[in-house]
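Dear colleague,

Here is the structure I said I would pass on. My notes on it follow below the model.

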Amino acid sequence: MQALFSGLLMVVSGPSGVGKGTVCKLLCEMDANIVLSVSAATREPRPHEREGEHYYFLSRQEFLEKIAAGEFLEWAEVYGNFYGTLTCQVQKQLKAGKDVILEIDTQGAMQIRSACPDAVFVFIMPPSYGDLQNRLKGRAADSAQSISLRLSKSAEEMSQAKEYDYRIVNNTAEQTAEELLDLLNKEKCRRRKVRKDAE
């Protein structure tokens with residue numbers, strides 16, 4: 001899919017609580033041409049979340065119908081809820097020349113590998129496992145049971161970091177966002193050169 005459009009698709013993953021959401025938000029603020037793809041989800045919205053801005057909140061039945069219709073670029077079941085990226089939304093932004101950031105879990109990222117082989121894959125790592133524990137425990141929105149479940153999943157998620165093109169340790173959100181922006185710009189320059197050389 002990627003080669004047909006002028007925008008670049010970057011897939012960003014990392015364990016829950018690593019701060020990838022904050023990093024991606026900062027990245028989009030640094031460059032108006034970068035947009036964050038809005039995923040669909042079947043979980044209940046948190047108090048601060050708004051429809052169409054943070055997620056498209058769907059019922060389980062609605063989500064399953066869209067899977068059957070082939071409307072998702074990727075989808076996965078995570079912690080008992082479904083999450084997915086609608087193909088039409090990503091295509092629309094890429095066609096407009098926007099660089100699209102997909103902040104998704106490792107299951108979804110591996111689906112993107114086959115659907116969008118030209119996408120850039122980046123895994124955000126915590127400085128340490130202890131740091132990840134502290135970040136998750138500091139999130140008031142999650143219950144103790146949810147934190148325990150997410151921590152048990154973290155080791156499995158981080159074991160997949162080797163499947164990504166780049167790995168960045170998130171010491172500070174600002175520094176990590178700057179590293180992502182640098183990576184994105186370098187990839188765009190490299191791809192322009194490849195296309196020019198092929199002409």
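Arg60 has a relative accessibility of 41% and therefore counts as partly exposed. The model is a predicted one. Glu77 is also partly exposed, at a relative accessible area of 38%. These two residues form a salt bridge, with 3.4 Å between the closest N and O atoms. Arg60 belongs to helix H2 (residues 60-68) and Glu77 to strand S5 (residues 72-78), so the salt bridge ties together parts that lie 17 residues apart in sequence.

The structure has 9 salt bridges in total. Another of them joins the side chains of Asp165 and Arg113, at 3.2 Å from N to O. Here Arg113 sits in helix H4, while Asp165 is in the loop between helix H6 (144-158) and S9, so the parts tied together are 52 residues apart in sequence. Both partners are partly exposed: Asp165 has a relative accessible area of 39%, and Arg113 one of 27%. Elsewhere, Glu187, Arg190 and Arg191 are joined into one network by salt bridges that share partners.

The pair Glu49 and Arg43 is a buried case: their side chains meet in a salt bridge of 2.8 Å, N to O, and each of the two residues is buried.

On to the sheet. It is open, has 5 strands in the order S2-S7-S1-S8-S9, and its pairing is parallel. Strand S2 (34-36) and strand S9 (166-169) form the edges, each pairing on one side only. On average, neighbouring strands are turned by 25° against each other, direction ignored. Within the sheet, strand S1 (residues 9-13) pairs with strand S8 (residues 120-125) over 4 bridges.

Val120 is a residue of strand S8 and stands opposite Met10. Why is Val120 classed as buried? Its relative accessibility is 1%, and the class takes in values under 20%. Leaving out residues up to four places away in sequence, Val120 touches Leu8, Leu9, Met10, Val11, Asp165, Tyr166, Glu187 and Arg191. Among these contacts are Asp165, the salt-bridge partner of Arg113, and Glu187 and Arg191 from the network. The C-alpha atoms of Val120 and Leu183 are 9.1 Å apart, with their positions 63 residues apart in sequence.

Last, Thr106 in helix H4 (residues 106-115). Thr106 is buried, with a relative accessible area of 5%. The side chain of Thr106 makes a polar contact of 3.4 Å with the side chain of Gln160. Residues that Thr106 touches, beyond four places away in sequence, are Ser13, Phe123, Glu157, Gln160 and Tyr164.

Regards

Definitions and conventions
Residues are numbered from 1 along each chain as its sequence is written. This is a predicted model: local features need pLDDT of at least 70, side-chain atom pairs count only at pLDDT 80 or more; totals for chains, interfaces and linings use all residues. Side-chain values use heavy atoms; hydrogens and water are left out. Two strands pair if DSSP finds at least two bridges between them. Helices (H or I, at least four residues) and strands (E, at least two) are DSSP runs, numbered from the N terminus. Axes are lines fitted to C-alpha atoms, for helices over the stretch in contact, and angles run from 0 to 180 degrees between N-to-C directions. Buried means under 20% relative accessible area, exposed over 50%, partly exposed in between (1.4 Å probe, protein chains only). Contact means heavy atoms within 4.5 Å. A polar contact is a pair of N or O atoms within 3.5 Å; within protein, one must be able to donate a hydrogen and the other to accept it, and residues adjacent in sequence count only if both atoms are side-chain atoms. A salt bridge is a side-chain nitrogen of Lys or Arg within 4 Å of a carboxyl oxygen of Asp or Glu.
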